[in-house]
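Subject: Handover of a structure for your review

Dear colleague,

Please find below the structure that I am handing over to you. My notes on what was found in it follow directly after.

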Amino acid sequence: MKNKKPNLFLVGAPKAGTTSIYRFLQSHPDIFMSPIKEPHYFSKDIKSEKFSKDYSKRNYINLDQYFSNNKLPNIQIAFLENYHQYMELYRDKKDEKYFGEGSTGYLFSRVAAKEIYNFNPDAKIIMILRNPVERTFSHWRMDSRAGYSRSDNFYKDIIFDYSLEDNTWGGVSSTYIQLGLYSQQVKRYLEYFPKENVKIFFYDEFEKNPEDIKKELFNFLNVQDVDIDFSKRYNTDFKARNFLIHFLFKKYRSQTHFFKNIIPKKIKSFLKNIFFQQSISNHHPINKDVRMKILSLFLHDISNLEKIIDKDLSTWKV
């Protein structure tokens with residue numbers, strides 16, 4: 001019998017390699033992934049009307065125009081509320097065993113686990129977790145290069161952001177710390193779905209042993225182990241080629257987001273290669289004192305997560 005409802009959800013965490021996992025899943029002949037990687041349909045508590053002006057601007061998409069395409073273009077993120085539009089994402093699905101999506105907001109959302117379970121209790125859930133300090137730093141670096149950080153001081157920006165009362169997704173706060181407090185986020189999925197339907201990967205293991213992760217992933221889904229290069233990375237860290245480009249990009253960021261929505265993908269890739277360069281590694285040094293101060297905000301939650309998933313996470317505590 002053909003599956004009638006999406007049955008595969010890559011739920012997060014943000015800045016932990018989800019785009020790469022999504023692309024690998026998309027490449028498998030038995031899996032169909034939504035052309036919008038993150039449609040966020042089931043995170044009913046993430047509301048576009050609560051978004052900050054900047055967040056709304058950089059993530060705006062005309063959904064009516066999008067769905068008018070004969071072939072739906074691949075885009076990173078949207079916020080769908082209409083059921084029929086959501087199901088339209090899968091209109092090109094054929095006989096694949098799995099079909100689904102990869103909204104990173106589903107891990108942070110307080111209601112997405114329940115919503116997905118009510119929609120399809122047999123769904124498979126995949127998450128990939130990253131050392132929360134490294135995740136926070138990567139998130140801040142992304143905002144910094146795009147001109148959305150408050151300053152060039154990582155620690156001051158993180159502590160200020162953490163002090164804000166508004167910590168909703170896309171709101172005034174960037175939720176740098178909150179997104180890395182995994183214990184309750186993971187617990188919600190384990191409360192609804194049987195353990196055999198939830199697979200948790202870890203970013204460091206993904207980086208060190210991609211072939212092992214590939215085998216684990218395909219075994220979890222009970223699909224054929226096909227030739228996909230799991231060492232390839234997508235949505236990696238990059239930086240402006242010089243200070244002037246960084247300055248101009250930051251100064252005119254609102255205009256760049258306008259053009260991002262109308263310039264063809266190939267031209268955007270060409271311009272990105274001219275003005276930006278990929279960082280050599282996703283691992284960047286953090287001042288030791290700063291690391292320990294930020295880590296202190298996560299230690300209790302890491303200990304709770306260890307108990308919930310029965311895994312030693314001592315490498316995260318140094």
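Leaving out residues up to four places away in sequence, glutamine 185 touches Leu107, Phe108, Gln178 and Leu179. The model in which these contacts appear is a predicted one. Glutamine 185 is found in helix α9, and it counts as buried because its relative accessible area is 4%, under the 20% cut-off. Although glutamine 185 and phenylalanine 108 are 77 residues apart in sequence, their C-alpha atoms are 6.0 Å apart in space.

Helix α9 also holds tyrosine 189. This residue counts as buried, since its relative accessibility is 0%. Its partners, neighbours within four places in sequence aside, are Val11, Tyr106, Leu107, Ala112, Ala113, Ile116, Ile125, Met127 and Val198. Lysine 114 stands 75 residues from tyrosine 189 along the chain, yet 7.8 Å separates their C-alpha atoms.

The second largest pocket

Helix α9, which spans residues 182-192, gives the most to the lining of the second largest pocket, namely 3 residues. That pocket holds about 400 Å³ of space. Its lining comprises 15 residues, and Phe108, Arg110, Asn167, Gln178 and Arg188 are the ones nearest its centre. By class, 4 of the lining residues are nonpolar, 6 are polar and 5 are charged.

The nonpolar cores

Which residues touch the most other members of the largest nonpolar core? They are Leu129 and Tyr189, in a core of 74 residues. Leucine 129 is in contact with Ala13, Ala16, Leu107, Tyr182, Val186, Ile200, Phe201, Phe202, Tyr203, Leu305 and Trp316, not counting residues up to four places away in sequence. Apart from the largest core lies another, of 8 residues, including Ile77, Phe108, Trp169 and Leu179. As general background, nonpolar side chains tend to be buried together in soluble globular proteins.

Strand β6 and its partners

Strand β6 covers residues 124-129, and 6 of its 6 residues are buried. Lys124, Ile126 and Ile128 point one way from the strand, while Ile125, Met127 and Leu129 point the other way. The strand pairs with β1 in the parallel sense over 3 bridges, and phenylalanine 9 stands opposite isoleucine 125 in β6. With strand β7 (residues 198-202), β6 also pairs in the parallel sense, over 5 bridges. There, methionine 127 stands opposite isoleucine 200 in β7.

The loop after β1, and the start of α1

Several backbone features deserve your attention. Most residues other than glycine have a negative phi, and most peptide bonds are trans. The peptide bond from glycine 12 to alanine 13, however, is cis, with omega near 10°. Alanine 13 lies in the loop between β1 (8-10) and α1 (18-27). Lysine 15 lies in the loop between β1 and α1 as well, and it has a positive phi of about 60° although it is not a glycine. Is lysine 15 buried or exposed? It counts as buried, because its relative accessibility is 17%, and the cut-off is 20%.

Threonine 18 is found in helix α1. A relative accessible area of 4% is why threonine 18 is classed as buried. Not counting residues up to four places away in sequence, threonine 18 touches Leu10, Gly12, Ala13, Lys37, Thr104 and Ile128. The contacts of threonine 18 thus include Gly12 and Ala13, the two residues joined by the cis peptide bond.

A second positive phi occurs elsewhere in the chain: that of threonine 175, near 50°. Threonine 175 is found in the loop between α8 (154-163) and α9. With a relative accessibility of 2%, it therefore counts as buried.

The protein as a whole

How many helices and strands are there in the protein? There are 16 helices and 9 strands. Of the 318 residues in the protein, 49% are buried. Among contacts with a separation of 6 or more, 75% are between residues 24 or more positions apart.

Yours sincerely

Note on methods:
Residues are numbered from 1 along each chain as its sequence is written. This is a predicted model: local features need pLDDT of at least 70, side-chain atom pairs count only at pLDDT 80 or more; totals for chains, interfaces and linings use all residues. Side-chain values use heavy atoms; hydrogens and water are left out. On a 1 Å grid over the protein atoms alone, a cavity is a set of points where a 1.4 Å probe fits but cannot get out, and a pocket is an open set with protein on both sides within 12 Å along at least five of seven lines; lining residues have an atom within 4 Å of a point. Grid points are joined across faces, edges and corners, and a volume is the space filled by probe spheres set on the points. Helices (H or I, at least four residues) and strands (E, at least two) are DSSP runs, numbered from the N terminus. Ala, Val, Leu, Ile, Met, Phe, Trp, Tyr, Cys and Pro count as nonpolar, Asp, Glu, Lys and Arg as charged, and the others, Gly among them, as polar. Buried means under 20% relative accessible area, exposed over 50%, partly exposed in between (1.4 Å probe, protein chains only). Two strands pair if DSSP finds at least two bridges between them. A nonpolar core is a set of buried Ala, Val, Leu, Ile, Met, Phe, Trp, Tyr and Cys residues joined through side-chain atoms within 4.5 Å. Contact means heavy atoms within 4.5 Å.
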